[in-house]
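Work through the exercises below with the sequence and the model open. Try each task before reading its solution.

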Amino acid sequence: MRTKVIAGNWKMHKDVSGTIDLITGIKAGLGATTPNCTVIVCPPFTSLETASTLLKNSPIKLGAQNMNPESSGAFTGEISPSMLKSVGAEYVILGHSERRTLFGESDQFINQKIKKALEAGLLPIFCIGETLQERESGVTFDILKRQVTQGLSGISEQELAKIIIAYEPVWAIGTGKTASPEQAQEVHAYIRGLAASLYSTAAAEKLIIQYGGSVKPDNAKELLSQKDIDGALVGGACLAAESFLGIINAC
Ligand code: PGA
């Protein structure tokens, strides 16, 4: 069946020495055991190369947190898909709610990024989620439908197989408020149903849908045991080896 995927989104935390400490700690905690889930770390751009070197011959995979869809050019401060590939990144988080709200990223822009990431051979972790206001006004499913259909516009079924969807209710990110396992399961089942209607039942059954939003070692097991929850995108709790390992162990 689907292999669970645990990804750590470090956000704007950890300089190079902090990166060495955290990755060394995660590797030491795993020891010689190969986790029975896919584990991905997504440090800031400035730590990717260090992380890549430390992760050689380890089962832990490397991802970035964002990228520009252009391949090169006059885009001061931006990073291209091939630059990420060149430092050893395999995954890239796209459309995180902080990018959408703080940096004004639209569904169309995220769609462009997903296409360019795939073209460059990167595997997108495509984030979607409703705000508290949207949930309270009963439009959660409408918002998710818009984000999914526009974000995946022009993406083939073959390409969908390379994409992870991360459902992250914005009201649960960094707030300590987690969606209850039932609330999360309901939404995950909706997203899988949507993928079935846009593609096929077979494609939807294979689709990895992670949950994100205040995932911690003590709530991970219950969330991950839901039928349609295939992993976690972890923020705060991925910044210390012990708590990240606790979530990996919950798999
Ligand atoms: P959090 O962040 O675990 O700190 O809530 C999750 C995310 O933003 O990906």
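Four exercises follow, on cysteines, pockets and salt bridges.

This is a predicted model, in which local features need pLDDT of at least 70, side-chain atom pairs count only at pLDDT 80 or more, and totals for chains, interfaces and linings use all residues. Residues are numbered from 1 along each chain as its sequence is written, and side-chain values use heavy atoms, with hydrogens and water left out.

**Exercise 1. Cysteines**

Task: Count the disulfides, then examine Cys238 and Cys251.

Solution:
- Step 1. Apply the rule: a disulfide is a pair of cysteine sulfur atoms within 2.5 Å. The count is zero disulfides.
- Step 2. Check Cys238. The nearest cysteine sulfur belongs to Cys42, 8.2 Å away, and Cys238 is in no disulfide.
- Step 3. Check Cys251. Its sulfur lies 3.3 Å from the closest cysteine sulfur, in Cys37, which is too far for a bond.
- Step 4. Add accessibility (buried is under 20% relative accessible area, exposed is over 50%, partly exposed is in between; 1.4 Å probe, protein chains only). Cys238 is buried at 0%. Cys251 is partly exposed at 26%.

**Exercise 2. The largest pocket**

Task: Describe the volume and lining of the largest pocket.

Solution:
- Step 1. Fix the term. On a 1 Å grid over the protein atoms alone, a pocket is an open set of points where a 1.4 Å probe fits, with protein on both sides within 12 Å along at least five of seven lines; lining residues have an atom within 4 Å of a point.
- Step 2. Read the volume, the space filled by probe spheres set on the points, with grid points joined across faces, edges and corners. The value is about 450 Å³.
- Step 3. List the lining. There are 18 residues, and Met12, Gln65, Asn66, Arg99 and Phe103 lie nearest the centre.
- Step 4. Find the main contributor. Helix α4 (residues 97-102) gives the most, with three residues. Helices (H or I, at least four residues) and strands (E, at least two) are DSSP runs, numbered from the N terminus.
- Step 5. Sort by class. Eight lining residues are nonpolar, six polar and four charged.

**Exercise 3. The second largest pocket**

Task: Repeat the description for the second largest pocket.

Solution:
- Step 1. Its volume is about 280 Å³.
- Step 2. The lining has 17 residues, with Ala161, Lys162, Ile163, Lys206 and Ile208 nearest the centre.
- Step 3. Helices α8 (157-160) and α10 (201-206) each supply at least two of these residues.
- Step 4. By class, 11 are nonpolar, two polar and four charged.

**Exercise 4. Salt bridges**

Task: Count the salt bridges and place those of Arg2, Glu98 and Arg135.

Solution:
- Step 1. Use the cut-off: a side-chain nitrogen of Lys or Arg within 4 Å of a carboxyl oxygen of Asp or Glu. The structure holds 13 salt bridges.
- Step 2. Arg2 pairs with Asp230, closest N and O atoms 2.8 Å apart. Arg2 precedes β1 (5-9) and Asp230 sits in the loop between α11 (217-224) and β8 (231-234), so the pair ties together parts 228 residues apart in sequence. Both residues are buried.
- Step 3. Glu98 pairs with Lys11, again with closest N and O atoms 2.8 Å apart. Glu98 is in helix α4 and Lys11 in the loop between β1 and α1 (16-30), 87 residues apart.
- Step 4. Arg135 meets Glu130 at 2.8 Å, N to O. Arg135 is partly exposed at 21%, whereas Glu130 is buried at 0%.
- Step 5. Trace the network: salt bridges link Arg2, Arg192, Glu205, Lys227, Asp228 and Asp230.

Definitions and conventions:
Ala, Val, Leu, Ile, Met, Phe, Trp, Tyr, Cys and Pro count as nonpolar, Asp, Glu, Lys and Arg as charged, and the others, Gly among them, as polar.
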